[in-house]
Structures are given as C-alpha cells and as structure tokens.
Amino acid sequence: MTVTEAAGERLIRIGEVARGAGVSVRAVRYYEQQGLLIAERSPSGQRLYRQDAVTLVRFFQQMFAAGLTSRRITELLPCWDSGHTDAGQRAMLRAERDRIQAKVDDLQAALDRLDEVIAITDTHP
C-alpha cells in the first residue's frame, strides 16, 4: 500500500480508496464532488485521503443502495462523525430507517412468494 504521511496522519491515494471499498476511482471523485469526502493534495497534485475514507465510501454505497440521495447522506455525516444529533436529525434518521424497513419487508414478501413458487415447481417436475 502506498501511504503518505501528512501532519502525522497516514493518507492513502484515490486508487487505494477505490480498491479497498470496491468502487471505481470515478465514484470516489463523485463523492468528493458531492462534498461527502475531503481529499488533501500531495505536492504533485494527487488526491490523498484519510484511512477511514474506505469505511466512509462503503457506508455511502450502502446508503445509495438503500435509496438515499447524496444530499441526504450529507445530512447524515454529522451524526456519523460526532455521534450526537438534534431532534431534527433523529427524526430524519428514524424516517429513513422506517423507509428502508418498508423496502426490506416488501423484498421479504417477494422472497416468500418465490419460495412458494419454487416449492410448487419442485413437486411438479
């Protein structure tokens, strides 16, 4: 792993963030453009990220897959960073959780129906 030291903190290059998180370099750049990630620059202009960028990018991917927008994810970041929330943030977190749970319930119902069809077809070759 190519690592650079800056202000006592280990920084990694954009390609390493992408590989570690299982996304494209383009996706990492997009997250930076959306204000989700902050990169420092090396003297030669290369993007350098903190080690936790890989974990953050994985979190972004999960939230995008769950249907959250980059704006909503930006609203979640202070909760992630500090662990503290105000009443509005807690309400937003609960609303997103409820929305995601409804999607999970719908998917579970679809899975149950598929299992029923598979069971029927297994008994009628």
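In this predicted model, the count of salt bridges comes to 7. Side chains of opposite charge can pair when their charged atoms come close. Three of these contacts are set out below.

| Salt bridge | Closest N to O distance |
|---|---|
| Asp52 and Arg50 | 2.3 Å |
| Arg72 and Glu75 | 2.8 Å |
| Arg72 and Glu96 | 3.0 Å |

Asp52 is partly exposed, its relative accessible area being 30%, and its partner Arg50 is likewise partly exposed at 42%.

Arg72 takes part in a salt bridge with Glu75 and in another with Glu96. Arg72 and Glu96 belong to helix α4 and helix α5 (residues 87–123) respectively, so their contact ties together parts that are 24 residues apart in sequence. Arg72 and Glu75, by contrast, both lie in helix α4 (residues 70–82), where a spacing of 3 residues separates them by about one helical turn. Arg72 has a relative accessible area of 29% and is partly exposed; Glu75 is partly exposed as well, at 30%. Glu96 counts as buried because its relative accessibility is 12%, under the 20% limit. A network of salt bridges links Arg71, Arg72, Glu75, Glu96 and Arg99.

Aromatic contacts are also present, with a count of 5 aromatic pairs. One of them joins Tyr30 and Tyr31 in an edge-to-face arrangement, with 6.0 Å centre to centre and 65 degrees between the planes. Tyr31 is buried at 3% relative accessibility, whereas Tyr30 is partly exposed at 35%. Ring pairs connect Tyr30, Tyr31, Phe59, Phe60 and Phe64 as a cluster.

The chain is divided into domain 1 (8–66) and domain 2 (84–124), whose C-alpha centres lie 29 Å apart.

Methods:
Residues are numbered from 1 along each chain as its sequence is written. This is a predicted model: local features need pLDDT of at least 70, side-chain atom pairs count only at pLDDT 80 or more; totals for chains, interfaces and linings use all residues. Side-chain values use heavy atoms; hydrogens and water are left out. Rings of Phe, Tyr and Trp (its six-membered ring) pair if their centres lie within 6.5 Å; planes under 30 degrees apart count as stacked, over 60 as edge-to-face and the rest as tilted. Buried means under 20% relative accessible area, exposed over 50%, partly exposed in between (1.4 Å probe, protein chains only). Domain bounds come from an automatic or database domain assignment. A salt bridge is a side-chain nitrogen of Lys or Arg within 4 Å of a carboxyl oxygen of Asp or Glu. Helices (H or I, at least four residues) and strands (E, at least two) are DSSP runs, numbered from the N terminus.
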